[in-house]
Amino acid sequence: MGDAAAFAADRADPMVPRVARVRRRRRDGPLVWTLELEADGADPGGFAPGQFNMLTVFGVGEVPISLSGDPAAPDRLVHTVRAVGPVSAALARVEPGGAVGLRGPFGAGWPMAEAAGRDVVLVAGGLGLAPLRPALYRLLAERERYGNVVLLYGTRSPDEILFRREIETWRRRLDIDIEVTVDHAAGDWHGHVGVVTTLIPRAAFDPLHALALVCGPEVMMRFAISALRDAGLAEEAVYLSMERNMKCAVGLCGHCQFGPVLVCRDGPVFRFDRLRGLLRTKEI
Amino acid sequence: METATRRILTSEGLDGLLAALKRRGYRTVGPTVRDQAIVYDDIGSIADLPGGWTDEQDGGHYRLVRRGDAALFGYAVGPHSWKKFLHPPTLRLWRAARDGDAVQVVAEAPPEQPFAFIGVRGCELRAIEIQDRVLLAGQHADTPYRERRRGAFIVAVNCAKAGGTCFCTSMNAGPKAAAGFDLALTELADRPGGVFVVEIGSEAGRLMLADLPQRAATEGEIAAAEGVVERTAAAMGRAMRSDDVRELLLRNLDHPRWDAVAERCLTCGNCTMVCPTCFCTSVEESSDLAGGETGRSRRWDSCFTMDFSYIHGGAVRASARSRYRQWMTHKLATWFDQFGSSGCVGCGRCITWCPVGIDITEEVRAIRDSEQR
Ligand SMILES: Cc1cc2nc3c(=O)[nH]c(=O)nc-3n(C[C@H](O)[C@H](O)[C@H](O)COP(=O)(O)OP(=O)(O)OC[C@H]3O[C@@H](n4cnc5c(N)ncnc54)[C@H](O)[C@@H]3O)c2cc1C
Ligand code: SF4
Ligand code: SF4
């Protein structure tokens, strides 16, 4: 039982990062930066919309960040980062050419296969648009496979709207309905004012043949789910992306437990009926 | 299992087993007395074992006392478990060296010596089996655990004394070593010279035994060994009804008992540190002053800390009530959903080592007896 061969690693260690380089870095809002990474040497391998990577700033730490780029261009690993604390702030500061550590992609993504043939409503709050953007790229690339595509997007203020130029480009396609709202605005804002859930009753989708993909702060998601339910959508047609503290992303550290599920392993995207009771219980 | 495979080792034979394991390159680890407790550490010979000692255990209470004989394994489990070796409390994962623009990440090398564990109890074998499932059976295996686990030689011991906080029979995890060992010993402490009835659990165990001075067990010795296990099973210090505990807890997430236990719980996390199945970890970065060499290490973490569930702005589980509930429902309920079994083996450590003597079996009973349905 003690032979040396038994100690040879037969699978790559999922906790050891690869090295990646920042190729481009663009400011996307107050404290928000979009980084395009390229992994050293290795084959990028592709990712599914809704998946995330663990990004390391060497000597500082590692955090989970969603892929926010086009799944059809997997060699460009695009991540949109809000600087909220030591690691995310250090990550947002890495200049082009700088090295970061990369593990992933991890997790279950958005239900793109189930969406075929249906109307698709994307409800995004704040930075929640970033993990939804790969799904949007996919929907628009295969536009004929889906029914109506609706993006409802809310931020706190107009300067926090992510990917502005792209949103304008999408609007001009006319085959996607886009509504953007802000919680508070000064006089030069001519769009909707109010929380994103107020856009749901007016959105053009057939509740019996639609899927909703929801991503944003947990409170916002809760309100969005009840508004979608009021609009006639079944609980089985609603998907949401959860956030929990995560140290390993591979189901081994225990941090992302949410009752019976491990968010990194079983999510981060869940069909709502699987989480219903959990979202109702405080401090689970 | 057929009785023909039962053999007898004397104390001398057991010493020979330790020597043989060492000769074959194993790091021999077993129970030994340190700081007035029986802990697991490197042992060289049977002289290092806690001969003649036993323990008194109760909620928040542990004390070593003399037995009055020279039994080598006449005590229950102490504060350590084998996860100390298989899933170390602190561990470097990798280092990264920066040379100008180039960064090279190097994974930490595995230990050179395989482990031989001496004196693994039935509940501990079950705990190892549970950690195997958690850390190895998923889509991603834990590399350091796999490297330490594979090639480990396991000498089990059937318990001859139930501890005051033991309830392995309630969890179907003991006191008899059921599976997962190379050799299993039952000590017949009342026979002069030390008599150990040996059950062979693997081919490696058989080969190891074949090189030692040993003989066939008599029917009387085999019956005596079975008697030892039966008496231990009948003397459990605690009990817990476990067949429906998952459903019981999950339908009582808002039971007032959680508030009552939170008033006593210090959220110190001792229970998670001593539990042989608790596996949660956190990571820490290191960096030399110039930032040329950085690294990451990992350490045991506890769901009783505030940081454990921290996401922007605050902890998901801020109250002591929610953290105790998380721990206990994980052990006894959601572990089934996550890993297909209970996360508790009834070893009683969390009861003994809780500074205020909170007792998982009593908490379950309190919820069961006062359930509002
Ligand atoms: C699946 C997933 C996808 C995410 N995608 C993005 C993204 O695309 N863009 C983005 O900016 N942020 C994203 N986040 C949140 C991001 O991981 C946190 O903002 C980040 O961990 C904060 O770390 P910090 O050290 O900078 O800040 P601090 O607030 O000081 O955090 C300290 C530690 O707590 C933990 N932590 C804090 N907040 C979170 C959180 N929200 N989620 C998980 N762990 C947290 C981390 O381990 C962190 O190192 C995602 C989180 C998850 C779980
Ligand atoms: S929960 Fe307590 S009794 Fe159960 S295995 Fe862990 S330490 Fe032992
Ligand atoms: S139950 Fe006991 S050991 Fe566990 S955290 Fe509370 S006080 Fe500490």
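1. A word on terms before we start: helices and strands here are DSSP runs, numbered from the N terminus, with at least four residues for a helix and at least two for a strand. With that in hand, P175(B) can be placed in the loop between strand 9 (153–157) and strand 10 (183–188) of chain B. The peptide bond leading into P175(B) from G174(B) is cis, with omega near 0°. Please keep in mind throughout that this is a predicted model.

2. Chain A has a cis peptide bond to look at as well: G267(A) and P268(A) are joined by one, and its omega is about 10°. You will find P268(A) in the loop that runs between helix 6 (263–266) and strand 15 (269–271) of chain A.

3. While you are in chain A, have a look at A249(A), which is not a glycine and yet has a positive phi of about 70°. A249(A) sits in the loop between strand 12 (238–241) and strand 13 (257–258) of chain A. As background for these backbone points, most residues other than glycine have a negative phi, and most peptide bonds are trans.

4. Next, the meeting of the two chains. Chain A brings 42 residues to the contact and chain B brings 58 residues. Together the chains bury about 4,300 Å², with 54% of that area on carbon and sulfur atoms.

5. Which side chains form the salt bridge between the chains? They are those of E62(A) and R296(B), at 3.1 Å from N to O. The rule finds one salt bridge across this interface, along with 20 residue pairs in polar contact, both residues being at pLDDT 80 or more. On the side of chain A that touches chain B, the elements giving two or more residues are strand 1 (18–29), strand 4 (61–66), strand 6 (99–106) and strand 14 (261–262) of chain A. By class, that side of chain A has 21 nonpolar, 10 polar and 11 charged residues.

6. Now to ligand 1. Why is its site described as shared between chains? Residues from both chain A and chain B surround ligand 1, so the site belongs to the two chains jointly. There are 22 residues around ligand 1, and those that come nearest are P64(A), R82(A), S88(A), E243(A) and K247(A). The shell divides into 12 nonpolar, six polar and four charged residues.

7. Several elements build this shell. At least two residues each come from strand 4, strand 5 (77–82) and helix 1 (86–92) of chain A, and from strand 15 (310–311) of chain B. Strand 4 of chain A gives the largest share, four residues.

8. Some atom pairs are worth displaying around ligand 1. One of its oxygen atoms is 2.7 Å from a polar backbone atom of P64(A). A nitrogen atom of ligand 1 lies 2.8 Å from a polar backbone atom of T80(A). At S88(A) the partner is an N or O atom in the side chain, 2.5 Å from an oxygen atom of ligand 1. Taken on its own, ligand 1 has 820 Å² of accessible area, and the protein covers 90% of it.

9. Finally, ligand 2 is surrounded by 13 residues, the closest being C275(B), C344(B), C347(B), G348(B) and C350(B). Helix 10 (320–339) and helix 11 (349–352) of chain B are the elements that supply two or more residues to this shell. Its residues are nine nonpolar, two polar and two charged.

Notes
Residues numbered from 1 in each chain as written. Chains lettered and ligands numbered in written order. Heavy atoms only, no water. Contact = heavy atoms within 4.5 Å. Buried area = accessible area lost by both parts, 1.4 Å probe. Salt bridge = Lys/Arg side-chain N within 4 Å of Asp/Glu carboxyl O. Polar contact = N/O pair within 3.5 Å; in protein donor to acceptor, adjacent residues only side chain to side chain. Nonpolar A, V, L, I, M, F, W, Y, C, P; charged D, E, K, R; others polar. Near = heavy atom within 4 Å. Areas by Shrake-Rupley, 256 points an atom, 1.4 Å probe, with all protein chains shown as cover.
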